[in-house]
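Please examine the sequence and the three-dimensional structure shown below. The report that follows describes strand pairing, backbone geometry and exposure.

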Amino acid sequence: MSEWVEVAKVEAISIGHPVHIEIDGTAIAVFKLEQDFYAIEDVCTHDGGTLTGGCVENDQIICPRHGARFSIRTGEALTAPAYEPTATFPVRIKNGMVQVKDDRWD
Ligand code: FES
């Protein structure tokens, strides 16, 4: 069973500036949108590019390699050349810290 992992203080993650974290070898990007936080796998399903480093537009991240757009809320691939979603992960706030966990194998 996976454990919650602390990513950063709530105030350290700002809109448009995702934080990258590795949990057991999985690359995860944590975003702030309005007042909520979201986590998706930091891997583009087109060709494995790292999504953080790409531009954030509203609730989308644009892969810096070939421009595929992903929903930050759902991980859905919104434009070519990516067609498969990237994974999403649960996020919670505890004691002023943003926490995430990889629950895919629970
Ligand atoms: S690796 Fe992301 S669009 Fe190609």
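Strand β2 (residues 19–23) and strand β3 (residues 26–33) run antiparallel and are joined by five bridges. Strands here are DSSP runs of E with at least two residues, while helices are runs of H or I with at least four residues, and both are numbered from the N terminus. Two strands are said to pair if DSSP finds at least two bridges between them. Strands of a sheet pair through backbone hydrogen bonds, either parallel or antiparallel. One bridge partnership links H20 with A29 in β3. Two residues separate β2 from β3 in the hairpin that they form, and D24 in its turn has a positive phi of about 50°.

The model is predicted: local features need pLDDT of at least 70, side-chain atom pairs count only at pLDDT 80 or more, and totals for chains, interfaces and linings use all residues. Residues are numbered from 1 along each chain as its sequence is written.

An open sheet is built from three strands in the order β1-β10-β9, with antiparallel pairing. Because β1 (5–9) and β9 (91–94) stand at the edges with a single partner strand each, one side of each is left without a neighbour in the sheet. From one strand to the next, the twist averages 35°; such angles run from 0 to 180 degrees between the N-to-C directions of axes, which are lines fitted to C-alpha atoms (for helices, over the stretch in contact). Four bridges pair β9 with strand β10 (residues 97–100) in the antiparallel sense, and K94 stands opposite M97 in β10.

Exposure is judged by counting the other C-beta atoms within 10 Å of a residue's own: 20 or more make it buried, 12 or fewer exposed, and values in between partly exposed, with C-beta atoms placed from the backbone. E57, found in strand β5 (residues 56–57), counts as exposed because it has 11 C-beta neighbours inside 10 Å. In sequence, E57 and Y83 are 26 residues apart, and their C-alpha atoms are 19 Å apart in space.

The table lists two residues that have a positive phi although neither is a glycine.

| Residue | Phi | Loop | Other C-beta atoms within 10 Å |
|---|---|---|---|
| E34 | about 50° | between β3 and β4 (36–41) | 7, exposed |
| N58 | about 55° | between β5 and β6 (60–62) | 9, exposed |

A further backbone feature concerns the peptide bond from A80 to P81, which is cis, with omega near 10°. P81 lies in the loop between β7 (69–71) and β8 (88–89).
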